[in-house]
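Biologist: Please show me the model. I would like to go through it by question and answer.

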Amino acid sequence: MDNQDPNQPVAPPAATPAPNPERKSLDDRAKMTELERIRHSCAHVMATAILRLWPDAQFAYGPPVENGFYYDLECSHRISPEDFAKLEEEMKKEIKANNVFEKLTVTREQAIADAQSGRLGGLAERPGNASKFKLDLLKNIPEGEPISYFKNGDFIDLCAGPHVMRTGNIGAFKLTTVAAAYYKGDEQGPQLQRIYGTAFKNKTALEEWLKLQEEAKRRDHRKIGAEMNLFAFDAEFTGPGLPLWLPKGGAILEELEKLAKETEFQAGYVRVKTPHLAREKMYKTSGHLPYYAESMFPPMQMDEQREQRERLTARVAELDRQLAGMSRQLPK
Ligand SMILES: [Zn+2]
């Protein structure tokens, strides 16, 4: 997080999976921009390519996001950036084939049957490998709302659209990264692989964006701040994303705080202090929890952890005793 509030517990940004988007309404979908359509269509193309390489993959959500798209999936193969080259090769074939994104409207019964046979979110029926996430997503489609598939080549996905007309309309794309994500953002739910990519109307736009990413990396405040000796990161002492402020950085912090205090004082504010650790109710009252829950540290469970530690200590002592007994029986 860029604006760190000292009273707010902050978790490492990269380790926390992004929240899953709410299901888009048909109205929201109709408003998707051309670029969003290109990107979402590219998620279908990526799924097609993944299935050609690893046919057991099960797909969940695949929305466009700020800088591209992702698709969440479960797969026996753990996809890593080393797989991107061959995955992109498969994607290029699907784009070159210039398949139409064909819309099919089906009944709920048909959709459930297709999900049960593994056909939904697949290239063919997959006996014994039902499209479990699609089955669940079907339950979220309100009664009376039309259920539609989109088909490109052999790939059929449960989707309300919209897409570009043909796979060939995806001008340029690139797979960017992989992450872990929980299904529907629920920590109790299955953990999925999230593959991110981006797509643009043409190669020039993609290359421009990639160049900007490089520039942004060069201008990364975490890198520059460390180079300027403002702060240091040291995973041995603190968690990731938690800087240790050095004298120069400390001086900047103090000056900023002084400015904040003066500005607030002039505006008639008075300051209060809260402890750094508080109960959930405090963060609800402060308004942090409803908006920042994803980037906050989870609640501490002191008693549970103490009990667990005691159980483990007792178990280790018992194993020690057994080991001592065994060594006594060993022939001298
Ligand atoms: Zn779609």
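**From the core outwards**

Modeller: This is a predicted model. Its largest nonpolar core has 41 residues. Those with the most contacts inside it are Cys42, Met46, Ala47, Ile50, Tyr71 and Ile170.

Biologist: Which helix gives this core its largest share of residues?

Modeller: The largest share is 9 residues. They come from a helix covering residues 34-53. That helix is α2.

Biologist: How many of the 20 residues of α2 are buried?

Modeller: A residue counts as buried if 20 or more other C-beta atoms lie within 10 Å of its own. By that test α2 is mostly covered. The number of buried residues is 15.

Biologist: Which residues does Ala47 contact, leaving aside its neighbours within four places in sequence?

Modeller: Ala47 is among the residues with the most contacts inside the core. Its partners outside that sequence window include one core residue already named, Tyr71. The full list is Phe59, Gly62, Tyr71, Gly121, Phe155 and Asp157.

Biologist: Why is strand β3 described as largely enclosed by the rest of the structure?

Modeller: β3 covers residues 68-74, which makes 7 residues. The strand is largely enclosed because the buried ones among these number 6.

Biologist: Which strand pairs with β3 over 5 bridges?

Modeller: β1 (residues 58-59) pairs with β3 over 2 bridges, in the antiparallel sense. β2 (residues 64-65) is also antiparallel to β3, with 2 bridges. The strand with 5 bridges to β3 covers residues 191-200 and is antiparallel too. It is β8.

Biologist: Which residue of β8 stands opposite Tyr71?

Modeller: Tyr71 is one of the core residues with the most contacts. Across from Tyr71 in β8 stands Ile195.

Biologist: How many residues lie between β2 and β3 in their hairpin?

Modeller: In this pair, Val65 stands opposite Gly68. The two strands form a hairpin, and the number of residues between them is 2.

Biologist: Is Leu120 buried or exposed?

Modeller: Leu120 sits in the loop between α4 (108-116) and α5 (132-140). Among its contacts are Asp114, Ser131 and Ile156. Leu120 has 28 C-beta neighbours inside 10 Å, so it counts as buried.

Biologist: And His77, buried or exposed?

Modeller: His77 is in the loop between β3 and α3 (84-96). The cut-off for exposed is 12 or fewer C-beta atoms within 10 Å. His77 has 12 such neighbours, so it counts as exposed.

Biologist: Which peptide bond is cis, with omega near 0 degrees?

Modeller: Most peptide bonds are trans. The cis bond leads into Pro162, which is in the loop between β6 (155-158) and β7 (172-182). It is the bond from Gly161 to Pro162.

Biologist: What is the phi of Lys184?

Modeller: Most residues other than glycine have a negative phi. Lys184 is not a glycine, yet its phi is positive. It lies in the loop between β7 and β8. Its phi is about 60 degrees.

Biologist: Where is Asn229, which also has a positive phi near 60 degrees?

Modeller: Asn229 is exposed, because it has 11 other C-beta atoms within 10 Å. Its place is the loop between α7 (221-227) and β9 (231-232).

Biologist: How many residues of helix α8 are buried?

Modeller: α8 covers residues 247-266 and reaches 28 Å from its first C-alpha to its last. The helix is hardly covered. Of its 20 residues, the buried count is 0.

Biologist: How far apart are the centres of domain 1 and domain 2?

Modeller: The domain assignment gives domain 1 as 26-216 and domain 2 as 220-260. Taken over C-alpha atoms, their centres are separated by 40 Å.

Biologist: Why is the protein chain called more spread out than a compact globule, and what is its radius of gyration?

Modeller: The chain has 11 helices and 10 strands. For 332 residues the globule rule gives 20 Å. The chain is well over that value, so it is more spread out than a compact globule. Its radius of gyration is 26 Å.

How values were computed: Residues numbered from 1 in each chain as written. Predicted model: local features only at pLDDT ≥ 70, side-chain atom pairs only at ≥ 80, totals over all residues. Helix = DSSP H or I, 4+ residues; strand = E, 2+ residues; numbered from the N terminus. Expected span 1.5 Å × (residues − 1). Core = buried A, V, L, I, M, F, W, Y, C linked by C-beta atoms within 7 Å. Contact = placed C-beta atoms within 7 Å. Rg over C-alpha atoms; globule rule 2.2 N^0.38 Å. Domains from an automatic or database assignment. Pairing = 2+ DSSP bridges.
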